[in-house]
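Please open the structure in a viewer and display side chains as sticks. This tour proceeds by selection, with a short account of what each one shows.

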Amino acid sequence: MDEVIEAGSGEDLQYLQRRAEEELEAAQRSTVPEVTAAHFQLAEAYLERIDAKRATPASGGGADEPTDSERGEPVADRAREAGHPWKGWS
């Protein structure tokens, strides 16, 4: 699966966080290895978008921005615990 997730003008970190969590949950429920891998790939793509948005100084850091605890760490922890080999682990 080589799908690229492009940032839309209204895309925000909370949306990306929610989608990554949903994909991880779907991966954990799956019993088919290929389906599990596809969900992990999608979750990884969302986590990478979170990282990219954090690195972009134009994000502004307004009141709509999630707190540090909402910015992907819980999702990353869950993915790590599930054995996902995401390259962005700290």
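The stops below concern salt bridges in a predicted model.

A search of the whole structure finds four salt bridges. Three of them are visited individually here, beginning in helix 1, which spans residues 13-29.

Select Arg19 and Glu22. Their side chains meet in a salt bridge, with an N to O distance of 2.4 Å. Both residues belong to helix 1 and stand three residues apart, about one turn of the helix. Buried or exposed: how does Arg19 count? Arg19 counts as buried because its relative accessibility is 18%, under the 20% cut-off. Glu22 has a relative accessible area of 32% and is therefore partly exposed.

Keep Arg19 and add Glu23. A salt bridge also links these two side chains, at 2.7 Å from N to O. Here the separation within helix 1 is four residues, again about one turn of the helix. Both Glu23 and Arg19 are buried.

Next, move to helix 2, residues 33-55, and select Asp51 and Arg54, which lie three residues apart there, about one turn of the helix. Asp51 forms a salt bridge with Arg54, and the closest N and O atoms are 3.8 Å apart. Asp51, at 31% relative accessibility, counts as partly exposed; Arg54 is likewise partly exposed, with a relative accessible area of 35%.

Finally, return to the earlier selection and add Arg18. Salt bridges with shared partners join Arg18, Arg19, Glu22 and Glu23 into one network.

Definitions and conventions
Residues numbered from 1 in each chain as written. Predicted model: local features only at pLDDT ≥ 70, side-chain atom pairs only at ≥ 80, totals over all residues. Heavy atoms only, no water. Helix = DSSP H or I, 4+ residues; strand = E, 2+ residues; numbered from the N terminus. Buried < 20%, exposed > 50% of the residue type's maximum accessible area, 1.4 Å probe, protein only.
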